[in-house]
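Subject: Structure for you to look at, with notes

Dear colleague,

I am passing on the structure we spoke about, and I would be glad if you could open it beside this message and read the notes with the model in view.

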Amino acid sequence: MRGKMNPIHIVVAGATGRMGRETVKMITREKHLKLTGAVARSRKGEDVGTVIGLGELGVTLTDSLESALEAGQPHVLIDLTTPETVKRHMELAIDAGVRPVVGTTGLTEEEIKDLDRKCRERDLGGIIAPNFAVGAVLMMAFASKAAKYLPDVEIIEMHHDQKLDAPSGTAMKTAELISREREEKKQGHPEEKEILDGARGGYRQGFRIHSVRLPGLVAHQEVLFGGPGQLLTLRHDSMNRESFMPGVKLAVEEVMNRTGLIYGLENLMEL
Ligand SMILES: NC(=O)C1=CN([C@@H]2O[C@H](COP(=O)(O)OP(=O)(O)OC[C@H]3O[C@@H](n4cnc5c(N)ncnc54)[C@H](OP(=O)(O)O)[C@@H]3O)[C@@H](O)[C@H]2O)C=CC1
Ligand SMILES: O=C(O)C1=N[C@H](C(=O)O)C[C@H](O)C1
């Protein structure tokens with residue numbers, strides 16, 4: 001962590017959203033973090049604190065990341081926007097020498113590789129965390145261990161009905177970690193036939209991912225492993241967005257000391 005005299009200056013893109021609001025709140029609580037810019041598509045020119053109910057913070061919302069980067073000279077961009085916006089935002093930040101900390105999901109493996117190359121060219125650190133909740137990171141780590149011994153697996157992820165991407169970034173990351181540990185195998189009956197399209201979920205390296213979207217849900221995932229006569233279920237539930245904040249704080253602190261793009265909070269934890 002940096003000394004008292006050198007707070008980390010941060011721009012939050014998506015500052016008025018569900019995650020952005022909680023992140024702005026967290027930054028204002030931490031003495032070593034300082035909000036210097038806030039971006040959203042709407043409410044341009046208004047004080048971000050007033051918009052999100054924190055009282056005036058002296059930081060005006062802009063509708064473009066470019067102007068927030070120019071005005072604030074931040075060290076870090078925290079991006080919590082949309083799958084369509086995140087890559088452009090990361091490129092703008094890296095070009096400006098600003099370190100990206102990204103919670104936005106939906107980036108492809110190729111895009112992540114490309115962004116890693118860009119970070120290294122600029123000698124910058126960056127972090128993409130498909131899930132900032134420490135419990136979810138542990139669930140993924142346990143799932144990767146279990147896959148070695150119980151290779152028949154399915155993932156069920158459940159989210160609120162305003163989520164844009166499916167499957168979730170967490171499910172995709174879990175699938176990647178599982179695939180590293182088990183031989184690729186096709187599960188289920190070889191002559192299985194879907195009577196209703198999509199009934200068996202999305203297919204990835206021989207196993208299935210199912211996405212549920214309902215009001216009332218926040219962010220939940222089950223990883224089910226089956227073996228003859230036994231079933232292992234790993235489950236994580238985020239009940240609110242506060243659950244993600246210790247991970248966001250850790251990522252902002254760590255990104256200042258890293259080079260290259262780190263994909264997954266597990267790489268910052270001793271697991
Ligand atoms: N990694 C993690 O742990 C977590 C990741 N997420 C991910 O974070 C992202 C945001 O989620 P959530 O907060 O629920 O989403 P919201 O829809 O609540 O918020 C999105 C925010 O992004 C802003 N925004 C959208 N498009 C643009 C744009 N082109 N330029 C600038 N700002 C833009 C919106 O502004 P406006 O309202 O004005 O359009 C809003 O402030 C999602 O990808 C989600 O999957 C979510 C939770 C945890
Ligand atoms: O959109 C969300 O809400 C969440 N998105 C992330 C994901 O796609 O995995 C993290 C968490 O599940 C909440």
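What follows is a description of the main features, taken one region at a time.

Please keep in mind throughout that this is a predicted model.

I begin with the ligand. Ligand 1 is surrounded by 24 residues, and the closest of them are Gly14, Gly17, Met19, Ala40 and Gly103. When this shell is sorted by class, 12 of its residues are polar, 10 are nonpolar and 2 are charged. The element that gives the most to the shell is helix α1, which spans residues 18–29 and supplies 3 residues.

Next come the parallel strands. Strand β4 (residues 76–79) is joined to strand β1 (residues 8–13) by 4 bridges, the two running parallel, and in this pairing Val12 stands opposite Ile78 of β4. Strand β4 is also joined to strand β5 (residues 99–102), again by 4 bridges and with the strands running parallel; here Leu77 stands opposite Pro100 of β5. Both faces of β4 are covered, since Val76 and Ile78 on one side are buried, as are Leu77 and Asp79 on the other.

There is also an open sheet of 5 strands, in the order β8-β9-β7-β10-β11, and its pairing is mixed. The strands at its edges are β8 (202–204) and β11 (230–238), each of which has a single partner strand, so one side of each is left without a neighbour in the sheet. From one strand to the next the twist averages 20°.

Within this sheet, β7 (residues 152–159) and β10 (residues 219–227) run antiparallel and are joined by 8 bridges, with Glu154 having Leu224 of β10 as its bridge partner. Strands β10 and β11 also run antiparallel, and 9 bridges join them; the bridge partner of Gln221 in β11 is His236. These two strands, β10 and β11, form a hairpin with 2 residues between them, and Gly229 in the turn has a positive phi of about 75°.

Two helices should be viewed together with this sheet. Helix α6 (residues 134–149) lies across β7, β10 and β11, and runs at about 160° to β11. Helix α7 (residues 169–181) packs on the sheet as well, where it touches β7, β8, β9 (207–213) and β10, and its direction makes about 165° with that of β7.

Finally, there are two annotated positions. The UniProt record, which is an unreviewed entry, places the feature "active site" at His159 and Lys163. Are these residues buried or exposed in the model? His159, which is found in strand β7, is buried, because 22 other C-beta atoms lie within 10 Å and the cut-off for a buried residue is 20 or more. Lys163, placed in the loop between β7 and α7, has 15 other C-beta atoms within 10 Å and is therefore partly exposed. If neighbours within four places in sequence are left aside, His159 is in contact with Ser168, Arg213, Leu217 and Ala219.

With best wishes

Definitions and conventions
Residues are numbered from 1 along each chain as its sequence is written. Chains are lettered from A and ligands numbered from 1 in the order in which they are written. This is a predicted model: local features need pLDDT of at least 70, side-chain atom pairs count only at pLDDT 80 or more; totals for chains, interfaces and linings use all residues. A residue is near a molecule or strand if its C-beta atom, placed from the backbone, lies within 6 Å of it. Ala, Val, Leu, Ile, Met, Phe, Trp, Tyr, Cys and Pro count as nonpolar, Asp, Glu, Lys and Arg as charged, and the others, Gly among them, as polar. Two strands pair if DSSP finds at least two bridges between them. Axes are lines fitted to C-alpha atoms, for helices over the stretch in contact, and angles run from 0 to 180 degrees between N-to-C directions. Two residues are in contact if their C-beta atoms, placed from the backbone, lie within 7 Å. UniProt positions are given in the numbering used here, feature names are shortened, and annotations may be inferred rather than shown by experiment. A residue is buried if 20 or more other C-beta atoms lie within 10 Å of its own, exposed if 12 or fewer, and partly exposed in between; C-beta atoms are placed from the backbone.
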